[in-house]
Amino acid sequence: MKIVGLCGSLRAASFNRALLRAAAARLPAGVTLDVVEIGALPLINQDLEKPEWPASVQAFRRALWPAQAMLIATPEYNAGMPAPLKNAIDWASRAEGIGGRTAPEGEARKTPLEDLPVAIMGATPGSLGTARSQQQLRTVLLNTGMRVLPLPEVYVGSAGTRFTDGELTDERSLAAVAKLVAALADWARLVGTPGAKAP
Ligand SMILES: Cc1cc2nc3c(=O)[nH]c(=O)nc-3n(C[C@H](O)[C@H](O)[C@H](O)COP(=O)(O)O)c2cc1C
């Protein structure tokens, strides 16, 4: 099973990027996790869709299509989801054909997000553990037709005490991340291959 990771932070020493590294080190057997970068995407602008999507947008969408699931690690900015992450989701949510063709041959879905199982986690030095950001993100993802994992929720608050030399070292948080990726893999098997109808 191929999982794509998105990091809502562009910061080099991002706690959320470290969460994704922790997840990548705790994958169930037969599962891979590769982070797809979102920092080079232009700000969403429908004028950029003609004559075709910018090369960075096309490359981003092409990297998403083969995934069987997505794992997002997001910070919280002003009680909401970060702009780079929303921007990336907006570009991925546009229907094929609007700015060109990025889907592989035979793909029936209109966007690389449609029907794709997804799980959310987040880290912040704040005490609320990105709860408000994740709540907003969940609503946005549901609107794209993604199959959002209901539970468990992973909120890593007080990040300054849970990371050492840039890596997640808090045992409870590590266990929560491992549980989340296992639940995502189970969820993806349960709801099925993207493009197929849910049972
Ligand atoms: C514009 C901005 C707004 C922020 N607002 C919040 C917030 O509402 N809640 C919170 O917990 N942290 C907030 N923070 C702090 C970030 O959560 C913190 O910098 C975190 O480490 C960012 O994630 P990263 O380590 O993955 O880059 C904000 C940071 C920025 C830059």
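In this predicted model, an oxygen atom of the ligand sits 2.6 Å from an N or O atom in the side chain of serine 9. Once the protein is in place, 69% of the 620 Å² of accessible area that the ligand has on its own is covered. Two further polar contacts involve nitrogen on the ligand side. Glutamate 76 brings a polar side-chain atom to 3.0 Å from a nitrogen atom of the ligand, while asparagine 78 uses its backbone, with a polar atom there 2.8 Å from a ligand nitrogen.

Zooming out a little, the ligand is surrounded by 14 residues. Ser9, Arg11, Ser14, Asn16 and Thr124 are the closest of them. Sorted by class, this shell is a mix: six residues are polar, five are nonpolar and three are charged.

Asparagine 78 deserves a second look. Its place in the chain is the loop between strand 3 and helix 3, and its phi is positive, at about 50 degrees, even though the residue is not a glycine. Is asparagine 78 buried or exposed? With a relative accessibility of 81%, asparagine 78 counts as exposed, because the cut-off for that label is over 50%. That figure takes only the protein chains into account, so the ligand does not enter into it.

The elements on either side of that loop belong to a larger motif. Strand 3 (residues 69-73), helix 3 (residues 83-92) and strand 4 together form a β-α-β unit, and the unit is right-handed. Within it, strands 3 and 4 run parallel and are joined by four bridges. One pairing to look for on screen is isoleucine 72 with isoleucine 120, its bridge partner in strand 4.

Strand 4 (residues 117-123) has other partners too. Strand 6 (residues 154-156) pairs with strand 4 in the parallel sense, through three bridges, and here methionine 121 stands opposite valine 154. Strand 5 (residues 147-148) is likewise parallel to strand 4, with two bridges between them. In that pairing, proline 117 of strand 4 has arginine 147 as its bridge partner.

How much of strand 4 is covered? Seven of its seven residues are buried. Pro117, Ala119, Met121 and Ala123 point one way from the strand, whereas Val118, Ile120 and Gly122 point the other way. Both sets are buried, so under the 20% cut-off each of these residues has less than that share of relative accessible area.

A few backbone oddities are worth flagging for anyone preparing the model. The peptide bond from lysine 50 to proline 51 is cis, with omega near 0 degrees. Proline 51 is found in the loop that lies between strand 2 (32-35) and helix 2 (55-64). Another cis peptide bond links leucine 151 to proline 152, where omega is about 5 degrees. Proline 152 falls in the loop between strands 5 and 6, both of which pair with strand 4.

Serine 158 also has a positive phi, about 50 degrees, without being a glycine. The loop that holds serine 158 runs between strand 6 and strand 7 (163-164). At 30% relative accessible area, serine 158 is partly exposed, since that value lies between the limits of 20% and 50%.

Note on methods. Residues are numbered from 1 along each chain as its sequence is written. This is a predicted model: local features need pLDDT of at least 70, side-chain atom pairs count only at pLDDT 80 or more; totals for chains, interfaces and linings use all residues. Side-chain values use heavy atoms; hydrogens and water are left out. Buried means under 20% relative accessible area, exposed over 50%, partly exposed in between (1.4 Å probe, protein chains only). Two strands pair if DSSP finds at least two bridges between them. A crossover is right-handed if, with the strands pointing away from the viewer, the path from the first strand over the helix to the second runs clockwise. A residue is near a molecule or strand if one of its heavy atoms lies within 4 Å of it. A polar contact is a pair of N or O atoms within 3.5 Å; within protein, one must be able to donate a hydrogen and the other to accept it, and residues adjacent in sequence count only if both atoms are side-chain atoms. Accessible areas come from the Shrake-Rupley method with a 1.4 Å probe; for residues, only the protein chains shown count as cover. Ala, Val, Leu, Ile, Met, Phe, Trp, Tyr, Cys and Pro count as nonpolar, Asp, Glu, Lys and Arg as charged, and the others, Gly among them, as polar.
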